[in-house]
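Reader: I have a complex to go through and would like to talk it over piece by piece. Can we start with the core?

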Amino acid sequence: MSQQGVPAMSKTPSIDEEVWEQDLKERLFAKIPLFIFSLLMFTVALSFMGYEIPDALLWADFLLVFGVFTVYVVSRHLTLYVFKRLGEAVLTLFIIASLTFLLLRIMPGGPFDRDKALPPEVLANIEAKYNLNAPLYVQYFDYLKGLSRGYLGESYKYIGRGVTDIIMEALPVSFQLGFYSLILAFLLGIPLGVFAASKHNSRFDYFAMFLANSGTALPSFLVGPILIIIFCFWLNWLPAAFWDGPEYYILPVLTLGLRPVAVIARLTRANVLDVIRSDYIRTARSKGLAEKVVLYKHVLKNSLIPVLTFSGPLAAAILSGSFVIELIFNIPGIGKHFVESVTNRDYPLILGVTLVFSFLLVLANLIVDLLYVYFDPRIKLS
Amino acid sequence: MRSSSKSLWIDAFNRLKKNKASMVSLGIIIVLCFIALFARQISPYPFDEQHMDAILQPPSARFWLGTDSLGRDLLSRVIYGARMSMAVGILTAFISLILGTIYGVISGWFGGRVDALLMRALDIITSIPTLVLMILVKVIFDSVQLFENPELRALTSILLALSLVGWVSLARVVRGQVLQVKEMTFVEAARALGASQFWTVIKHVLPNILGPIIVLLSFQIPSNILFESFLSFIGLGLQPPFSSWGVLASEGAKSIRSYPHVIISPGVALFIAMLAFQFLGDGLRDALDPKMKGSV
């Protein structure tokens with residue numbers, strides 16, 4: 001194809017040209033993830049700065065990610081595996097829903113117990129409204145019927161509001177908070193770990209590990225107040241609560257992200273140290289590859305698997321919002337709703353939020369399992 | 001045989017002794033255990049005694065760490081908090097150890113269909129996020145009260161909630177180890193010599209998987225302490241007047257602006273304990289099972 005412009009020496013393209021053309025194609029392909037990554041980062045930056053994100057951009061992001069995901073799954077012959085796992089997920093969620101439902105109903109005491117008992121007629125009316133006086137198995141089948149249509153019921157506490165409604169309102173906030181923290185955790189934790197390992201036993205290594213150890217030992221309910229004291233009361237730079245704009249995001253994201261940053265840095269460092277001593281790294285070095293290439297291409301890719309294992313549950317926990325952080329910073333996320341629904345015994349809300357959380361965890365684990373294949377092609381999923 | 005297995009443990013201990021951070025941490029943990037055991041003798045005041053003339057006092061000669069919003073001595077409360085937090089951390093680790101070991105051994109030893117079924121059940125349990133499961137179990141046990149004594153009552157539901165969640169990871173590790181060990185020749189030899197299954201497991205399998213279990217336990221204790229304080233902080237764990245570091249932090253967080261000393265002392269105590277457990281765990285892992293380095 002590219003021969004038209006070039007004076008042809010012979011009819012068939014020379015080996016050099018073929019290689020070059022293939023190389024070009026590969027290089028172009030290699031740019032695609034970078035392009036998608038920058039587009040995603042651009043979206044995240046926009047939303048962090050508090051701008052309204054145009055729907056077109058969101059759709060473009062979604063389609064691109066979904067497209068890459070599909071191509072990845074199909075090209076590695078994982079389609080069947082994905083469907084199998086999704087089927088298992090549905091079954092798992094069904095069992096979780098049933099167990100939680102039954103346990104909540106068997107528990108002594110009801111959602112409408114008050115310190116001052118309600119008049120029996122009022123109680124009877126309320127119970128009739130929420131179908132609580134029917135036999136247990138009828139309630140259970142009604143609940144399942146609703147569930148199969150995606151209906152999670154109506155909250156007992158917020159009268160007249162559907163559980164789906166409440167979740168859809170609170171989940172994006174928690175998602176946002178979690179997403180920024182997750183990005184922080186990866187963008188900071190992995191380089192920190194790699195850097196500490198590459199400067200093993202140096203002053204920087206000790207300092208980084210001191211930070212990481214303190215970070216894992218400091219619970220978020222201490223970090224939050226400490227940050228608030230410093231940045232809100234002493235320096236007066238940032239607001240101490242709510243979720244109204246970029247300046248409100250910084251402290252909660254830092255608080256939520258600190259522990260993951262520390263854990264990921266520790267994990268990365270330990271694994272990089274392990275991989276760095278292996279034979280194939282010695283080979284790569286003796287080939288004369290630049291230290292940076294060895295470190296970030298050969299070592300890193302091979303030492304990220306334990307980090308990946310840790311990331312599945314971490315992502316689910318973090319995206320579904322941290323109960324403590326939403327409490328400290330008064331953020332209207334889903335974690336706060338869950339804690340409140342438990343104290344109020346708001347059964348439909350408890351059930352709904354539990355299902356959403358479990359779904360996120362199952363999904364995160366599936367994605368992590370699929371990514372294993374990328375990081376270590378020897379792994380076979382079945 | 002006996003002497004060689006003994007020297008294995010001595011080897012591990014010698015390796016641990018070389019790790020200074022771990023030995024210091026071990027010292028700190030022993031001190032904390034003493035404080036926890038003798039809280040009544042050490043603390044200057046009972047944990048719930050109110051001094052109405054001294055509310056929210058900063059640290060002074062009379063109250064070394066100051067007082068809280070009800071005039072209770074914070075030093076005493078932090079000491080009693082150590083008792084509660086350490087009790088929760090260690091007891092839950094042991095309950096989950098027993099549950100996890102039994103489950104893991106049954107699953108790994110019998111293998112086949114039993115194993116598949118038991119592991120499926122674990123998969124379902126692990127599909128519920130830890131904190132959510134913990135809260136659900138806690139709420140359920142809260143409504144079933146087993147004891148009259150209020151302190152025991154407060155303690156039991158949180159103990160059960162934490163250990164019913166904690167045993168899962170232990171069961172996984174134990175199962176994996178049993179699967180490996182049961183193929184080894186010494187197990188085969190024991191069976192060939194006519195040892196019963198039960199005896200083989202107790203005498204030959206368990207001692208050989210002790211290393212990873214100890215390492216995992218040493219990481220579970222601090223995470224249990226942390227989970228307890230999380231639950232107490234969001235108001236679903238222990239309740240005042242009982243004292244744990246999480247309860248104290250939660251009380252302190254309400255008045256950080258004017259009275260930061262209320263959150264600082266339990267916070268520092270918790271931080272030191274977490275750090276000590278972490279370094280000890282790292283040391284134990286390096287000494288007992290260096291293979292685990294990259295995964296815990």
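Author: The largest nonpolar core has 152 residues, and A:Val324, B:Met134 and B:Ile234 have the most contacts inside it. A nonpolar core here is a set of buried Ala, Val, Leu, Ile, Met, Phe, Trp, Tyr and Cys residues joined through C-beta atoms within 7 Å. A residue is buried if 20 or more other C-beta atoms lie within 10 Å of its own, exposed if 12 or fewer, and partly exposed in between, with C-beta atoms placed from the backbone.

Reader: Which helix gives the largest share of this core?

Author: Helix α12 (residues 261–288) of chain B, with 14 residues. Helices (H or I, at least four residues) and strands (E, at least two) are DSSP runs, numbered from the N terminus.

Reader: What is B:Met134 in contact with, leaving aside neighbours within four places in sequence?

Author: B:Met134 is in contact with B:Ala161, B:Leu162, B:Val165, B:Phe227 and B:Leu231. Contact means that the C-beta atoms of two residues, placed from the backbone, lie within 7 Å.

Reader: Before I go on, where does the model come from and how is it numbered?

Author: It is a predicted model, in which local features need pLDDT of at least 70 and side-chain atom pairs count only at pLDDT 80 or more, while totals for chains, interfaces and linings use all residues. Residues are numbered from 1 along each chain as its sequence is written, and chains are lettered from A and ligands numbered from 1 in the order in which they are written.

Reader: What are the confidence numbers for chain A?

Author: Chain A has a mean pLDDT of 82, with 92% of its residues at 70 or more. pLDDT is the predictor's confidence in each residue, from 0 to 100. Residues 1–5 of chain A are below 50, and beyond near neighbours in sequence this stretch has 3 contacts in the model. Where pLDDT is low, the predicted coordinates should not be read in detail.

Reader: And chain B, and the complex?

Author: Chain B also averages 82, and 95% of its residues score at least 70. For the complex the predictor gives an ipTM of 0.81 and a pTM of 0.82.

Reader: OK, the interface. How many residues of each chain are in contact?

Author: 37 residues of chain A are in contact with 33 residues of chain B. On the chain A side, the elements that give two or more residues include α3 (79–106), α9 (246–276) and α15 (347–375). The most comes from α8(A), with 6 residues.

Reader: What is that side made of, by class?

Author: 27 nonpolar, 9 polar and 1 charged residues. Ala, Val, Leu, Ile, Met, Phe, Trp, Tyr, Cys and Pro count as nonpolar, Asp, Glu, Lys and Arg as charged, and the others, Gly among them, as polar.

Reader: Back to chain A by itself. How many helices and strands?

Author: Chain A has 15 helices and 0 strands. Its C-alpha atoms fill a box of roughly 95 × 55 × 40 Å along the principal axes, and buried residues make up 31% of its 382 residues.

Reader: Which domains does the assignment give?

Author: Domain 1 (19–75) and domain 2 (82–375) of chain A, with bounds from an automatic or database domain assignment. Their centres, taken over C-alpha atoms, are separated by 25 Å. The contact takes 6 residues from domain 1 and 8 residues from domain 2. Helix α1 (residues 15–48) gives the most to the domain 1 side, with 3 residues.

Reader: Anything odd in the backbone of chain A?

Author: A:Asn201 has a phi near 65 degrees, positive in a residue other than glycine, and A:Asn330 has a positive phi of about 50 degrees. Most residues other than glycine have a negative phi. A:Asn201 lies in the loop between α6 (163–198) and α7 (203–217), and A:Asn330 in the loop between α13 (323–328) and α14 (334–344).

Reader: Are those two buried or exposed?

Author: A:Asn201 is exposed, with 8 other C-beta atoms within 10 Å. A:Asn330 is exposed too, with 12.

Reader: Last one: which residues of α9(B) are buried?

Author: In helix α9 (residues 197–205) of chain B, they are B:Thr200, B:Val201 and B:Val205. Seen down the axis, they fall within an arc of 95 degrees, so they line one face of the helix. The arc is that of the directions from the helix axis to the C-beta atoms. On the other side, B:Phe198, B:Trp199 and B:Lys203 are exposed.

Reader: And what covers the buried ones?

Author: The cover includes α4 (74–110), α7 (150–181) and α8 (185–192) of chain B.
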